[in-house]
Amino acid sequence: MRVAVIGGGIGGCSAALALQRVGCIVDVYEQVPVKGEVGAGIQISPNASRLLNVYGLAQQLEAIAVRPSMTEARRWDDGRILSREQLGPAMERDFGAPYYHVHRADLLNIISGAIPQHCLHMGRRCIGLVQHDDRVEVMFEGGSTVEADVVVGADGIHSAVRRELFGAEQPRFSGNVAYRGVVPVERIADLGIERKSTNWMGPGGHFVHYFVSGGRYLNFVAVVEQAAWQRESWNDRGDVAEAQQYYEGWHPQLHAILRAVDDIYKWALFDRDPLPSWTLGRATLLGDACHPMLPYMAQGAAQAIEDGAVLAACLSSVPDLSVEDALKRYEAIRKPRASEIQALARRNAQTFHLHDGPEQQARDGRMAAHAGGRDVAAVSPARSMIFAYDAMQEQVGPAAGDVTPKRMDLWT
Ligand SMILES: Cc1cc2nc3c(=O)[nH]c(=O)nc-3n(C[C@H](O)[C@H](O)[C@H](O)COP(=O)(O)OP(=O)(O)OC[C@H]3O[C@@H](n4cnc5c(N)ncnc54)[C@H](O)[C@@H]3O)c2cc1C
């Protein structure tokens, strides 16, 4: 089966690896002429790292990743610890795979580097699709075309494939803007920050930091509330002084981190409701193209990686299933889980940004039970369920019977 994957990001490239493992002939078409990623970190939880390990990337990941000891929540002004959740060895013990902090560029290099390079076509921007009974034709800017049995739109938040399949859509500005940057560790050595992930929660914002690139950089994502925003982009340049203003009165450690950064990116967060469907005929969607989510569960890429594994398993059931039925099965398995995590991420925006007052006190009271450091399962059953999931275990073939969309019930 020939599969054309549109988009060579984390989702598209990891899907290509999964599809090749089940015998598909895969080509990835990426719009940018040269591989590149924004300077930012990403958290890879066990539900995703277990798949990357299956794809043979464990050793390379270990070389570029940081294994954080824990994740902690702290109060915005005095730095008081609100809760602590064990990561480190507890992840492998409880979920069978590690929790990693990585630089996005390092991760993409490893995943895309594992695809035979003649299958990765750079500088190919998809502008349209034509579906036939037995194939799909993909059109690219500049006039070239290719044909495939299946097309996978892994082309991110502004997906051209999604627009072709389901029409244009109007995302909503979430009211949140993120400032992101990476700081060389020698510049903040005096702060004595440990190898863990910290989330400072305060009025109208939060500030997350953790180490990446084997510990050579500290990555931060500083989220603030803003009244309006016109365009959605991941890599607009930001201004350090502007970011600092939002954090006036917050803990001095955050200001020290902001002062140490060279380049800061500003990124507006747009929110979308789950799409009614992901699949039409011989084309489907994957990753941010179909389930973009606010980053407050740190699961966007992890869910894209899971999508690829399930998609490959479903397509491996062809010809016992028709291509169309295999793609519908993929959607039925994946959409409920991804949609629930989208909703959980949205809920976290409110929890993280409470102003001091009764609601914040109630939140801190709930968290206080975990201030000493607990396992993920004790702190958050929902996160525990997310981490425990193994996409490779999904029953996808005709013998699985009817796959009806089912809720995962991650709410706690
Ligand atoms: C600040 C921030 C922090 C995050 N933290 C985490 C985290 O800790 N953990 C986590 O799991 N997720 C996290 N996420 C989410 C995660 O980064 C995304 O969900 C993930 O990158 C989605 O991968 P994707 O491949 O679907 O899309 P993308 O990474 O956007 O890749 C899409 C690719 O398609 C290409 N493309 C676009 N249009 C076309 C076209 N017409 N033709 C050809 N190619 C095209 C693009 O150039 C791009 O390379 C975070 C996101 C942000 C912004």
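Trainee: Which helices and strands each supply at least two residues of the shell around the ligand?

Mentor: In this predicted model, helix H1 (10–21), strand S3 (41–44) and helix H9 (300–315) each supply at least two residues of that shell.

Trainee: How many nonpolar, polar and charged residues has the shell around the ligand?

Mentor: The shell is read by residue class: 13 residues are nonpolar, 10 are polar and seven are charged. Of the 30 residues around the ligand, those that come nearest are Glu30, Gln43, Arg104, Trp267 and Asp288.

Trainee: Which backbone atoms lie at a short listed distance from nitrogen or oxygen atoms of the ligand?

Mentor: A polar contact is a pair of N or O atoms within 3.5 Å. Here a polar backbone atom of glutamine 31 is 3.1 Å from a nitrogen atom of the ligand, and one of alanine 298 is 3.0 Å from a ligand nitrogen atom. For alanine 301, a backbone N or O atom lies 2.9 Å from an oxygen atom of the ligand. The protein buries 91% of the 1000 Å² that the ligand exposes when taken alone.

Trainee: Why is helix H5 described as largely enclosed by the rest of the structure?

Mentor: Buried means under 20% relative accessible area. Helix H5 (residues 104–113) is largely enclosed because seven of its 10 residues are buried. Arg104 is one of the buried residues of H5, and Arg104 is also among the residues that come nearest to the ligand.

Trainee: What is the strand order of the open sheet of three strands?

Mentor: The order is S8-S9-S10, with antiparallel pairing. Strand S8 (126–131) and strand S10 (145–148) are the edge strands, each pairing on one side only. Neighbouring strands of this sheet are turned by 20° against each other on average, direction ignored.

Technical notes
Residues numbered from 1 in each chain as written. Predicted model: local features only at pLDDT ≥ 70, side-chain atom pairs only at ≥ 80, totals over all residues. Heavy atoms only, no water. Pairing = 2+ DSSP bridges. Helix = DSSP H or I, 4+ residues; strand = E, 2+ residues; numbered from the N terminus. Axes fitted to C-alpha atoms, helices over the stretch in contact; angles between N-to-C directions. Buried < 20%, exposed > 50% of the residue type's maximum accessible area, 1.4 Å probe, protein only. Near = heavy atom within 4 Å. Polar contact = N/O pair within 3.5 Å; in protein donor to acceptor, adjacent residues only side chain to side chain. Areas by Shrake-Rupley, 256 points an atom, 1.4 Å probe, with all protein chains shown as cover. Nonpolar A, V, L, I, M, F, W, Y, C, P; charged D, E, K, R; others polar.
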